[in-house]
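User: I would like to go through the covalent and charged links of this model and the criteria behind each label. Please set each value against its cut-off.

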Amino acid sequence: QVQLVESGGGLVQPGGSLRLSCAASGSIFSITTMGWYRQAPGKRRELVATITNSGVTNYADSVKGRFTISRDDAKRTVYLQMNSLKPEDTAVYYCNMGIKRGGLSPLDDYWGQGTQVTVSS
């Protein structure tokens, strides 16, 4: 069984920073792309940032220059450093990983439980 556990959300003032973490545990053979998504009330879930297992990153235009995604494969962890936060960044943030549980296993999509980020004065 594979589990993704997120941490680091909370309440922050506009202009502040937060760092999200998401660690994978369980029976894991390999992890490909890791990413962060978010969903604001009444809106669809949207991509925030992704990072491949070769380190190639991709960001939503709305967070470019403010957010940085990184990964530590030894710890099976993905991070999201969020700076210059704005009220419109308020959402539940979800981590996502493409994981193979064995050498011949298919690549499956796994999601964290979500962590709330609220940007407000």
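Analyst: Both Asp 61 and Lys 64 are exposed, where exposed means over 50% relative accessible area, buried under 20% and partly exposed in between (1.4 Å probe, protein chains only). This is a predicted model, in which local features need pLDDT of at least 70, side-chain atom pairs count only at pLDDT 80 or more, and totals for chains, interfaces and linings use all residues. Residues are numbered from 1 along each chain as its sequence is written, and side-chain values use heavy atoms, with hydrogens and water left out.

User: What makes the contact of Asp 61 and Lys 64 a salt bridge?

Analyst: A salt bridge needs a side-chain nitrogen of Lys or Arg within 4 Å of a carboxyl oxygen of Asp or Glu. The N to O distance for Asp 61 and Lys 64 is 3.1 Å, so the pair meets the definition. The structure holds 5 salt bridges.

User: How do you know that Asp 89 and Arg 66 form a salt bridge?

Analyst: Their closest N and O atoms are 2.7 Å apart, so the pair qualifies under the same limit. This pair links distant parts of the chain, 23 residues apart: Asp 89 is in the loop between strand 8 (77-82) and strand 9, and Arg 66 is in the loop between strand 6 (57-59) and strand 7 (67-72). Strands are DSSP runs (E, at least two residues), numbered from the N terminus. Asp 89 and Arg 66 also belong to a network of salt bridges with Arg 38 and Glu 46.

User: Why is Asp 89 called buried, and why Arg 66?

Analyst: Asp 89 has a relative accessible area of 1%, so it counts as buried. Arg 66 has 11%, so it is buried as well.

User: Why is Asp 73 called partly exposed?

Analyst: Its relative accessibility is 43%, so Asp 73 falls between the two limits. Asp 73 forms a salt bridge with Arg 71, with the closest N and O atoms 2.8 Å apart. Arg 71 is buried, its relative accessible area being 17%.

User: What makes the link of Cys 22 and Cys 95 a disulfide?

Analyst: The S to S distance is 2.0 Å, and a disulfide is a pair of cysteine sulfur atoms within 2.5 Å, so the label applies. Cys 22 lies in strand 3 (residues 18-26) and Cys 95 in strand 9 (residues 91-100), so the disulfide ties together parts that are 73 residues apart in sequence. The structure holds 1 disulfide.

User: Are these cysteines, Cys 22 and Cys 95, buried or exposed?

Analyst: Cys 22 is at 0% relative accessibility, so it counts as buried. Cys 95 also has a relative accessible area of 0% and is buried.

How values were computed: Helices (H or I, at least four residues) and strands (E, at least two) are DSSP runs, numbered from the N terminus.
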